[in-house]
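The exercises below concern pockets and charged side-chain pairs in a single protein chain, and each task is followed by a solution that goes step by step. Please look through the sequence and the structure before starting.

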Amino acid sequence: MANERNTTFEIPAEMREMAERSVEQARMAMEGFVSAAARAMESFDAPAERMGMNPKDMREKTFGMAEANLKASFEHAQKMIRAKDPAEAMKLQMEFMQAQFALMQEQMRQLGVDASAAMKQAGDAATAAAKDAGKAAPTGGPAKKA
């Protein structure tokens, strides 16, 4: 048929190359940002320790989660650049969203467990401090007037 249109979706090779370079540059910039943020977070260690948290563990977990999310996003961007047609792009997007949702649920669960443990530890420390303060307080009730 002469009226049939070509429905093939193609991205020119030059555009793909440019997009790949852009994604790679963004990935490298984000890695630098994450590294700088990790160094900056070290200044929060003392206040976190006073709250009964292990700041190094919390920092490592949260940055590990952030790095995993960023890595997945950049991998997804690379796959999207290579998609051959809109159907493949939609499939990739759906798979990515499902995987990220599952990952986010697990990360939130883990952070909840960690926060609960930190709160319990802080509560236990406050209870112990109150008991110690009660032991140190003078006993005998109010002083009697002469």
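**Exercise 1.** Is R109 buried, partly exposed or exposed, and what is its relative accessible area?

*Solution.* The model is a predicted one, and the class follows from the computed area. R109 has a relative accessible area of 44%. Because the partly exposed class lies between the limits of 20% and 50%, R109 counts as partly exposed.

**Exercise 2.** Determine which side chain forms a salt bridge with R109, and describe how the two residues are placed.

*Solution.* The partner of R109 is E106, and the closest N and O atoms of the salt bridge are 2.7 Å apart. Both residues belong to helix α4, where they are three residues apart, about one turn of the helix. E106 has a relative accessible area of 39%, and so is partly exposed.

**Exercise 3.** Analyse the pair K120 and D124 in the same way, stating the accessibility class of each residue.

*Solution.* The two side chains form a salt bridge whose closest N and O atoms lie 2.9 Å apart. K120 and D124 are four residues apart in helix α4, again about one turn. K120 is exposed because its relative accessibility is 53%, over the limit of 50%. D124, with a relative accessible area of 43%, is partly exposed.

**Exercise 4.** Which residues are linked with R27 in a network of salt bridges, and where does this network stand in relation to the largest pocket?

*Solution.* The network links R27 with E24 and E31. Within it, the side chains of E31 and R27 meet at 2.4 Å, N to O, and these two residues are four apart in helix α1. E31 has 45% relative accessibility and so counts as partly exposed, as does R27 at 25%. E24, R27 and E31 are among the residues that line the largest pocket, a space of about 220 Å³. At least two lining residues come from each of α1 (13-41) and α3 (55-81), and the lining divides into five nonpolar, one polar and six charged residues.

**Exercise 5.** Describe the second largest pocket by its volume, its contributing elements and the character of its lining.

*Solution.* The volume is about 160 Å³. Two or more lining residues come from each of α3 and α4 (86-136), and α4 gives the most, with five. The lining, which includes H76, L92 and F96, divides into four nonpolar, two polar and three charged residues.

Notes:
Residues are numbered from 1 along each chain as its sequence is written. This is a predicted model: local features need pLDDT of at least 70, side-chain atom pairs count only at pLDDT 80 or more; totals for chains, interfaces and linings use all residues. Side-chain values use heavy atoms; hydrogens and water are left out. On a 1 Å grid over the protein atoms alone, a cavity is a set of points where a 1.4 Å probe fits but cannot get out, and a pocket is an open set with protein on both sides within 12 Å along at least five of seven lines; lining residues have an atom within 4 Å of a point. Grid points are joined across faces, edges and corners, and a volume is the space filled by probe spheres set on the points. Ala, Val, Leu, Ile, Met, Phe, Trp, Tyr, Cys and Pro count as nonpolar, Asp, Glu, Lys and Arg as charged, and the others, Gly among them, as polar. A salt bridge is a side-chain nitrogen of Lys or Arg within 4 Å of a carboxyl oxygen of Asp or Glu. Buried means under 20% relative accessible area, exposed over 50%, partly exposed in between (1.4 Å probe, protein chains only).
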